[in-house]
Amino acid sequence: MAGAAVIFLQTSCALPQAILLWRGRHIMPERPFSLGRFGFAINLISVLWVILLDILCFLPTEMPVTKENMNYVSVVSVGLTAAVLALYVFSKRGQYLGPRL
């Protein structure tokens with residue numbers, strides 16, 4: 001399950017960076033430490049790196065793939081993501097107030 005740890009931990013760290021890339025760095029408040037003009041490139045490289053690691057961790061460890069040697073991390077990841085999204089949509093949607101920027 002080391003692959004699951006890599007996927008869940010790295011993806012949870014890369015999601016805020018991906019959101020920042022999507023929305024733009026201009027929405028961030030003034031802060032004491034800034035990456036300056038390199039911030040976009042650093043965020044992009046780190047998000048792409050996490051995507052590559054996620055893909056590599058989903059791959060099977062042996063060929064040909066059988067029931068015994070299948071990498072079930074992909075099944076667990078899809079199930080957990082579906083459960084969390086369902087919890088958000090049916091229970092917490094509209095209740096969470098994020099930080100004021």
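## A walk through a three-helix chain

Let's start at Ser-91, which sits in helix α3. Keep in mind that everything here comes from a predicted model. With a relative accessibility of 32%, Ser-91 falls in the partly exposed class. If you look back along the chain by 11 residues you reach Leu-80, and the C-alpha atoms of Ser-91 and Leu-80 are separated by 16 Å.

Staying in the helix of Ser-91, go to Ser-77, another residue of helix α3, which spans residues 73–92. Is Ser-77 buried or exposed? Ser-77 is buried, because its relative accessible area is 7% and the cut-off for buried is under 20%. So what does Ser-77 touch, once residues up to four places away in sequence are left out? The partners are Ile-7, Phe-8 and Phe-58. Helix α1 covers residues 2–23, and helix α2 covers residues 39–58, if you want to place those partners on the model.

Ile-7 turns up again when we move to Asp-54, a residue of helix α2. Setting aside residues up to four places away in sequence, Asp-54 touches Ile-7 and Thr-11. This aspartate is an acidic side chain that counts as buried, because Asp-54 has a relative accessible area of 13%, with the line drawn at under 20%.

Now for Ala-5, back in helix α1. At 37% relative accessibility, Ala-5 is classed as partly exposed. Where does the chain come back towards this residue? One pair to check is Ala-5 and Val-73: they are 68 residues apart along the chain, and their C-alpha atoms are separated by 9.7 Å.

Next, the cysteines. How many disulfides does a search of the whole structure find? The count is zero. Cys-13 is in no disulfide, and the nearest cysteine sulfur belongs to Cys-57, 14 Å away. Cys-57 is likewise in no disulfide, with the sulfur of Cys-13 as its nearest cysteine sulfur at 14 Å. Neither sulfur can count as bonded to the other, because a disulfide calls for a pair within 2.5 Å and this pair is 14 Å apart. The surroundings of the two residues can be compared as well: Cys-13 is exposed, with a relative accessible area of 53%, whereas Cys-57 counts as buried at 17%.

With those residues in place, step back to the whole chain. The protein chain has three helices and zero strands, and its elements run α-α-α from the N terminus on. How does the chain compare with a compact globule of 101 residues? Such a globule would have a radius of gyration near 13 Å, but this chain has 17 Å. The box filled by the C-alpha atoms, taken along the principal axes, is roughly 55 × 35 × 20 Å.

Buried residues, Ser-77 being one of them, make up 18% of the 101 residues. The chain exposes about 8,300 Å², and carbon and sulfur atoms supply 71% of that area. Among contacts with a separation of 6 or more, 53% are accounted for by residues 24 or more positions apart. Finally, the charges: the chain has 8 positive and 4 negative ones, and their mean positions are 20 Å apart.

How values were computed: Residues are numbered from 1 along each chain as its sequence is written. This is a predicted model: local features need pLDDT of at least 70, side-chain atom pairs count only at pLDDT 80 or more; totals for chains, interfaces and linings use all residues. Side-chain values use heavy atoms; hydrogens and water are left out. Helices (H or I, at least four residues) and strands (E, at least two) are DSSP runs, numbered from the N terminus. The radius of gyration is taken over C-alpha atoms; the globule rule is 2.2 Å times the number of residues to the power 0.38. Buried means under 20% relative accessible area, exposed over 50%, partly exposed in between (1.4 Å probe, protein chains only). Contact means heavy atoms within 4.5 Å. Accessible areas come from the Shrake-Rupley method with a 1.4 Å probe; for residues, only the protein chains shown count as cover. Lys and Arg count as positive and Asp and Glu as negative; His and the chain ends are not counted. The place of a charge is taken as NZ of Lys, CZ of Arg, CG of Asp or CD of Glu.
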